[in-house]
Amino acid sequence: MSEIELKFVTGVDAHDAFTQSVLPLFEKNNIRVASHNTMRLENDYYDTDKLDFQQRKMGFRVRGNDGRYEQTLKTNGVVSGGLHKRSEYNIDLNNSQPDLTLFDASVWPEDFDAQTKNDGLTKQFSTHFTRHAYVVECENSVVEVVLDCGEASTDKASSPINEIELELMSGDINSLFILATLINDHMQVRLSDVSKAAQGYQLLHGFNAKIRPLPDFLALEDTTTTEEAFCLAVQTALAHWQYHEHMFVESGAIKMLGEVAKSIRLLLQSVSLYLPVLQCPELLALHKKLVAHAQQWTWQDDLQSLRYLLSKKSLFNKTLSKHAAIVSYLQGRQAGLLHAHEPEKLFFDNQATDIKIHAIRLIQNKPWQQATPGFDHSVLDHAKGWLSQGWQTVQQSMPLNKTMGPANYSSVEVVLRQTLWSGFLLGDLFVEERGNFRAPWLDLLTGIDELNALLMLKESIVDADVGSDAELRKWTAEKLTTLIRVMERTRTVAMQREIYW
């Protein structure tokens, strides 16, 4: 069978918070509880020594519930933002021993030998939790609201489970969004696409906090419609956002916050770019929310400059490592930013989760289809005009006959980033020379990142009032002069490149 569900995680006991803050509001919102069941579920997840299930992004478990056992296979599905669509197969067992051969042969990938894999199964980890399952009726739809509270564990480690899953049993998918909005309005939650199985595997193998880079370009074809291109852009931004949000929660790595801020800007640019064609009140409302939320992340620019200055891999490390006082000041400033803005609280912020729900609902319902024509026209019809408009703005902001200094580059940063995002969203439609055209502009953007870091260092030397600041001031001034000289040469090359569209 196929599942359609939304999943939240929360930092507190999910059921306690739900019963105190959300359940009392059901009657007021015409939501009827048809049933409520409580059960203690003990799940053991199995895999082979070669991790065949994990590599295929499949999950296999045996669940025990009051002396009854069931084995479940979940295949690799599709996640769009926080909306999950995947296939699930369940078979009753007489005892707790797994048996892959009981599944129909059609559920397996072509190269999967169930009998051989069955002989090599070993228990990898467990997820034991109490489940409260509410079946509710909402606007002629039936939705199961499941609250799981417990822990994932291996022989050596454990982590808490506090999840709320909304699964559409029958009816209209919008009922999921009605319930999701009600929960978000009255609880601190964030959307998640991390399964309990993934949580267990993280415990099993350790956590590797790696950035998942965006592709060079969003994958489009000549036949891609405007609607399809927009939906793909939104899905890409949401997936990037949620992945790096989870990475920060688990690791505390500051670089992940930079990726979250990047995701929000990509989502904002996607909505801004397509809004003139896909005009509808719902998309306009999302744009307004994103503009406001992006302002809550502007502090990230300073944080990433500090991270760059303090990184042992930066161009400045060799010099700054000789000046312990300024390094200490920069570290204190970095800690102060994190303390002041509390990023984990931002993740559970009602506004952030509301934006994700709004975006997912938007690409599911596609309200522009009833509001405006042209949504099914090729995105290629608009791409050249959009790209030309952006680059005309960039050229007007930094004409070749104008010498630019640090202040000039700082003033054009936003426009340049937005235009390069548009190139990311549309450049795949124009294969020839696109990389050659974008390369010096991307170099210029890297130069602006270094420039921001040096300007912060220059400001910090003054604010910190450290000893030997004269030497640091001189070194910073020389670096700024050299960097601007290189950036000016790069700008000359970039401005002379032929456009690729």
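Which residues of α15 are buried? In this predicted model, where residues are numbered from 1 along each chain as its sequence is written, local features need pLDDT of at least 70 and side-chain atom pairs count only at pLDDT 80 or more, while totals for chains, interfaces and linings use all residues. Side-chain values use heavy atoms, with hydrogens and water left out.

**Helix α15**

The buried set in α15 is Ala-383, Trp-386, Leu-387, Gly-390, Trp-391 and Val-394. Looking down the axis of α15, these buried residues fall within an arc of 120°, so they line one face of the helix. (That arc is taken from the directions from the helix axis to the C-beta atoms.) "Buried" here stands for under 20% relative accessible area, "exposed" for over 50%, and "partly exposed" for anything in between, using a 1.4 Å probe and protein chains only. As a reminder, an α-helix has 3.6 residues a turn, so residues three or four places apart point the same way. On the other side of α15 you'll find Asp-381, Gln-389 and Gln-396, which are exposed.

The cover over the buried residues of α15 includes α7 (254–274), α16 (406–426) and α17 (434–464). As for its build, α15 covers residues 380–397, has 18 residues, and reaches 26 Å from its first C-alpha to its last, close to the 26 Å expected at 1.5 Å a residue. The expected span is 1.5 Å times one less than the number of residues. Helices (H or I, at least four residues) and strands (E, at least two) are DSSP runs, numbered from the N terminus.

**Strand β3 and its neighbours**

Now over to β3, residues 59–65: seven of its seven residues are buried, so the strand is largely enclosed by the rest of the structure. Gly-59, Arg-61, Arg-63 and Asn-65 are buried on one side, and Phe-60, Val-62 and Gly-64 are buried on the other. In a regular strand the side chains alternate between the two faces of the sheet.

Who sits beside β3? Strand β2 (residues 31–47) runs antiparallel to β3 and is joined to it by four bridges, with Tyr-45 standing opposite Arg-61. Strand β4 (residues 68–74) also pairs with β3 in the antiparallel sense, over seven bridges, and there the bridge partner of Val-62 is Gln-71. Two strands count as paired if DSSP finds at least two bridges between them. β3 and β4 form a hairpin with two residues between them, and Asp-66 in the turn has a positive phi of about 55°.

**The aromatic cluster**

The structure holds 26 aromatic pairs. One of them, Phe-53 with Trp-108, is edge-to-face, at 6.2 Å centre to centre and 65° between the planes. Phe-53 lies in helix α2 (residues 52–55) and Trp-108 in the loop between β6 (83–93) and α3, so the pair ties together parts that are 55 residues apart in sequence. Both Phe-53 and Trp-108 are buried. Trp-108 also stacks with Phe-112, at 4.6 Å centre to centre and 5° between the planes, and Phe-112 is buried as well. For the cut-offs, rings of Phe, Tyr and Trp (its six-membered ring) pair if their centres lie within 6.5 Å; planes under 30 degrees apart count as stacked, over 60 as edge-to-face and the rest as tilted. Ring pairs link Tyr-46, Phe-53, Phe-60, Phe-103, Trp-108 and Phe-112 into a cluster.

**Three buried polar residues**

| Residue | Element | Relative accessibility |
|---|---|---|
| His-132 | strand β7 (residues 122–138) | 14% |
| Lys-117 | helix α3 (residues 114–119) | 18% |
| Glu-488 | helix α18 (residues 469–495) | 16% |What do these residues touch, not counting residues up to four places away in sequence? Contact is taken as heavy atoms within 4.5 Å. His-132 touches His-15, His-36, Asn-37, Thr-38, Val-145, Val-146 and Leu-147. The side chains of His-132 and His-15 make a polar contact at 3.3 Å. A polar contact is a pair of N or O atoms within 3.5 Å; within protein, one must be able to donate a hydrogen and the other to accept it, and residues adjacent in sequence count only if both atoms are side-chain atoms.

With that same sequence limit of four places, Lys-117 touches Thr-48, Asp-52, Leu-100 and Phe-112. Lys-117 and Thr-48 are 69 residues apart in sequence and 6.6 Å apart in space, C-alpha to C-alpha. Glu-488, again leaving out residues up to four places away, touches Lys-402, Thr-403, Met-404 and Tyr-409.

Methods
Polar contact = N/O pair within 3.5 Å; in protein donor to acceptor, adjacent residues only side chain to side chain. Contact = heavy atoms within 4.5 Å.
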